[in-house]
Amino acid sequence: MFYTIQNNQIIYNFQKSLEFISRKGREMYGNQFKLLDQDMPVIRKLFAYVIRDEENCKQHGLNLRKGLMLSGPIGAGNVYQNIM
């Protein structure tokens, strides 16, 4: 499990979450799926945003009251169609 519950609060384990994302990525896209080291800063920011970690979001300059806009060329995966 990539999180535990302590005192009615969810505590996430970032490393186990990455392992989960990698496993699901390989299931969906094949064994060539990899999370690259150069992408980790962005993945950390997205993870903080998704779990609504106010402290980390503040450190990264993210506003939890705003949404995310994904952009890129056609085929870059900026339209999420599958639910993990």
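This is a dialogue about how the labels on a predicted model are justified.

Trainee: What is the overall layout of the chain?

Mentor: The pattern along the sequence is β-β-α-α-α. That gives three helices and two strands. The chain has 84 residues, and 15% of them are buried. About 7,300 Å² is exposed, with 51% of that area supplied by carbon and sulfur atoms.

Trainee: Why is Ile-5 called exposed?

Mentor: Its relative accessibility is 58%. Exposed means over 50%. Ile-5 therefore counts as exposed. Ile-5 sits in strand β1, residues 3-6.

Trainee: What makes Ile-5, Ile-10 and Tyr-12 a nonpolar patch?

Mentor: A patch residue needs over 30% relative accessible area, and nonpolar side chains are joined within 5 Å. Ile-5 has 58%. Tyr-12 has 32%. Ile-5, Ile-10 and Tyr-12 form the patch on the surface, and together they have about 280 Å² of accessible area.

Trainee: Why is Tyr-12 called partly exposed?

Mentor: Partly exposed lies between the 20% and 50% limits. Tyr-12 is at 32%, so partly exposed is the label. Tyr-3 gets that label too, at 29%.

Trainee: How many aromatic pairs does the structure hold, and why is the pair of Tyr-3 and Tyr-12 called tilted?

Mentor: There are four aromatic pairs. The ring centres of Tyr-3 and Tyr-12 are 5.9 Å apart, and the planes stand at 50 degrees. Pairing needs centres within 6.5 Å; stacked means under 30 degrees, edge-to-face over 60, and the rest is tilted. The angle of 50 degrees fits neither end, so the pair is tilted.

Trainee: What makes the pair of Tyr-29 and Phe-33 stacked?

Mentor: The centre-to-centre distance is 6.2 Å, and the planes are 25 degrees apart. The limits are 6.5 Å for pairing and 30 degrees for stacking. Both values pass, so the pair of Tyr-29 and Phe-33 is stacked. Tyr-29 is partly exposed at 45% relative accessibility. Phe-33 is partly exposed at 24%.

Trainee: Which residues do ring pairs link into a cluster?

Mentor: Tyr-3, Tyr-12, Phe-14 and Phe-47. Phe-47 also touches Ser-17, along with Tyr-12 and Phe-14, leaving out residues up to four places away in sequence.

Trainee: What makes the largest nonpolar core a core?

Mentor: Its members must be buried residues of the nonpolar kinds, joined through side-chain atoms within 4.5 Å. Five residues make up this core: Phe-14, Leu-18, Met-40, Ile-43 and Phe-47. Helices α1 and α2 each supply at least two of them. The largest share, three residues, comes from α2.

Trainee: Which residues of α2 are buried, and what do they pack against?

Mentor: In α2, residues 40-50, the buried ones are Met-40, Ile-43, Phe-47, Ala-48 and Tyr-49. They pack against β2 (9-12), α1 (14-29) and α3 (54-60). Just after α2, Arg-52 takes a positive phi of about 60 degrees.

Trainee: Is Ser-22 buried or exposed, and how do you know?

Mentor: Buried means under 20%. Ser-22 has a relative accessible area of 16%, so it is buried. Ser-22 belongs to helix α1. Setting aside residues up to four places away in sequence, Ser-22 touches Phe-33 and Leu-35.

Trainee: Why do Glu-27 and Lys-24 count as a salt bridge?

Mentor: The rule asks for a side-chain nitrogen of Lys or Arg within 4 Å of a carboxyl oxygen of Asp or Glu. Here the N to O distance is 3.3 Å. That is inside the limit, so the pair counts. The total by this rule is one salt bridge. Both residues lie in helix α1, three residues apart, about one turn of the helix. Glu-27 is exposed, because its relative accessibility is 54%.

Trainee: What is notable about phi at Asn-7 and Asn-8?

Mentor: Asn-7 is not a glycine, yet phi is positive, at about 55 degrees. Asn-8 is also a residue other than glycine, with a positive phi near 60 degrees. Asn-7 lies in the loop between β1 and β2. Asn-8 has its place in that loop as well.

Trainee: How do you know that Asn-7 and Asn-8 are exposed?

Mentor: The cut-off is over 50%. Asn-7 has 80%, so it is exposed. Asn-8 has 79%, so exposed is the label there too.

Methods: Residues are numbered from 1 along each chain as its sequence is written. This is a predicted model: local features need pLDDT of at least 70, side-chain atom pairs count only at pLDDT 80 or more; totals for chains, interfaces and linings use all residues. Side-chain values use heavy atoms; hydrogens and water are left out. Patches are made of residues with over 30% relative accessible area and no salt bridge: like charges are joined within 9 Å, nonpolar side chains (Val, Leu, Ile, Met, Phe, Trp, Tyr) within 5 Å. Accessible areas come from the Shrake-Rupley method with a 1.4 Å probe; for residues, only the protein chains shown count as cover. Helices (H or I, at least four residues) and strands (E, at least two) are DSSP runs, numbered from the N terminus. Buried means under 20% relative accessible area, exposed over 50%, partly exposed in between (1.4 Å probe, protein chains only). Contact means heavy atoms within 4.5 Å. Rings of Phe, Tyr and Trp (its six-membered ring) pair if their centres lie within 6.5 Å; planes under 30 degrees apart count as stacked, over 60 as edge-to-face and the rest as tilted.
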